[in-house]
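Student: Could you choose a single part of this protein and give me a close look at it? I would like to see how that part fits in with the rest.

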Amino acid sequence: ENMHSFQLLCSLLLCNALVVINCAICTQKKLINQSIIFSIGWGDEIEWVQTYEEALTRSRNSKKPLMVIHHLEECPYSQALKKAFVSSPEIQKMAQEDFIMLNLVHSSTDDNMAPDGHYVPRILFVDPSMTVRADLTGKYKNRMYAYEPADISNCEDVINSVGHSS
C-alpha cells in the first residue's frame, strides 16, 4: 500500500509540474504576443512597454534610457520613419539591447515630452534619472525631435550618444 501511495504521489507531482511548466510557457507566449502587439510594426523583436508610466519605472529600475516614439498610424511621415527604423539593423539592435522602448500613438500627459510641440513623428529620450533629454535633437530647427527616413544615420548617432551616456 505504501508503494501504491508513493506512485500516486509521484504521478500527482509530475502532473502538477507539467501544469506549471505549461502555464509558464503560455505566460511567456502571452508576453511575446503582447510585445508584438505593442510594437505596432516598429520591431517585433523589441520588447515594448505599454505605458509611459511603466516605461519610466523600467528605465529607472534597469538603468537603461527610454526611447519614446510619437507617431500616428495614418501619418505618411510616421509610416516612412517606421519603415526606415525597422530596416536599420543597427537601430533595431540598440533598441533591443540598450533602451526601454515605448511607441505612442497618442500624446503623453507629461508636457516635457512635447518641448517644442505635439507634432509627429518625433523621438525623445529620457535618461534613467527620469530627465527628458531635450538636448538630443534632430537637424530641424522648427521640429527639433523629428526624424525622417533620410536622417536615419543622424538618428543612430543620437541613439548612440544617449545609449552610452548612462
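Tutor: Two residues are in contact when they have heavy atoms within 4.5 Å of each other. With that in hand, one number introduces the whole protein: among its contacts with a separation of 6 or more, 68% join residues 24 or more positions apart. Please keep in mind that this is a predicted model.

Let's set the scene before we zoom in. The protein has 166 residues, and 38% of them count as buried. The accessible surface comes to about 9700 Å², with 59% of that belonging to carbon and sulfur atoms. Five helices and three strands make up the secondary structure, and along the sequence they follow the pattern α-α-β-α-α-β-β-α.

The part I have picked is helix 2, which covers residues 52-62. Which of its residues are buried? They are Tyr52, Ala55, Leu56 and Ser59. These four cover an arc of only 100° around the axis, so they sit on the same side of helix 2. A general rule about helices helps here: an α-helix has 3.6 residues a turn, so residues three or four places apart point the same way.

What lies over that buried side? The cover includes strand 1 (66-70), strand 2 (100-104) and strand 3 (122-126). These three strands form an open sheet in the order 2-1-3, with mixed pairing. Strand 2 and strand 3 stand at the edges with a single partner strand each, so one side of each has no neighbour in the sheet. On average, and ignoring direction, neighbouring strands of this sheet are turned by 20° against each other. Helix 2 packs on the sheet and touches strand 1, strand 2 and strand 3. The direction of helix 2 makes about 165° with that of strand 2.

You can look at the sheet itself in a little more detail. Strand 1 and strand 3 pair in the antiparallel sense over five bridges. Leu66, for example, stands opposite Val126 in strand 3.

Now follow one residue from the sheet towards our helix. Leu102 is found in strand 2, and with a relative accessible area of 0%, Leu102 is buried. Leaving out residues up to four places away in sequence, Leu102 touches Trp48, Val49, Gln50, Thr51, Tyr52, Ala55, Leu66, Met67, Val68 and Ile69. Two of those names should be familiar, since Tyr52 and Ala55 are among the buried residues of helix 2. Leu102 and Val49 are 53 residues apart along the chain, yet their C-alpha atoms are separated by 5.5 Å.

Helix 2 also has charged side chains to show you. As a general point, side chains of opposite charge can pair when their charged atoms come close. How far apart are the closest N and O atoms of Arg58 and Glu54? They are 3.1 Å apart, and the two residues form a salt bridge. Because Arg58 and Glu54 are four residues apart in helix 2, about one helical turn separates them. For the next step you need a cut-off: a residue is buried under 20% relative accessible area, exposed over 50%, and partly exposed in between. Arg58 has 32% relative accessibility, so Arg58 is partly exposed, and Glu54, at 28%, is partly exposed too. The pair also belongs to a network, in which salt bridges link Glu47, Glu54 and Arg58.

The structure holds six salt bridges, so here is one from elsewhere to set beside our pair. Arg133 forms a salt bridge with Asp135, and their closest N and O atoms are 3.0 Å apart. In this pair, Arg133 is buried at 17% relative accessibility, whereas Asp135 is exposed at 54%.

Finally, look at where the helix ends. Just after helix 2, Lys63 takes a positive phi of about 65°.

To put the picture together: the buried residues of helix 2 lie on the same side, the helix packs on the three-stranded sheet, and Arg58 and Glu54 form a salt bridge one helical turn or so apart.

Terms used
Residues numbered from 1 in each chain as written. Predicted model: local features only at pLDDT ≥ 70, side-chain atom pairs only at ≥ 80, totals over all residues. Heavy atoms only, no water. Buried < 20%, exposed > 50% of the residue type's maximum accessible area, 1.4 Å probe, protein only. Helix = DSSP H or I, 4+ residues; strand = E, 2+ residues; numbered from the N terminus. Arc of directions from axis to C-beta. Salt bridge = Lys/Arg side-chain N within 4 Å of Asp/Glu carboxyl O. Pairing = 2+ DSSP bridges. Axes fitted to C-alpha atoms, helices over the stretch in contact; angles between N-to-C directions. Areas by Shrake-Rupley, 256 points an atom, 1.4 Å probe, with all protein chains shown as cover.
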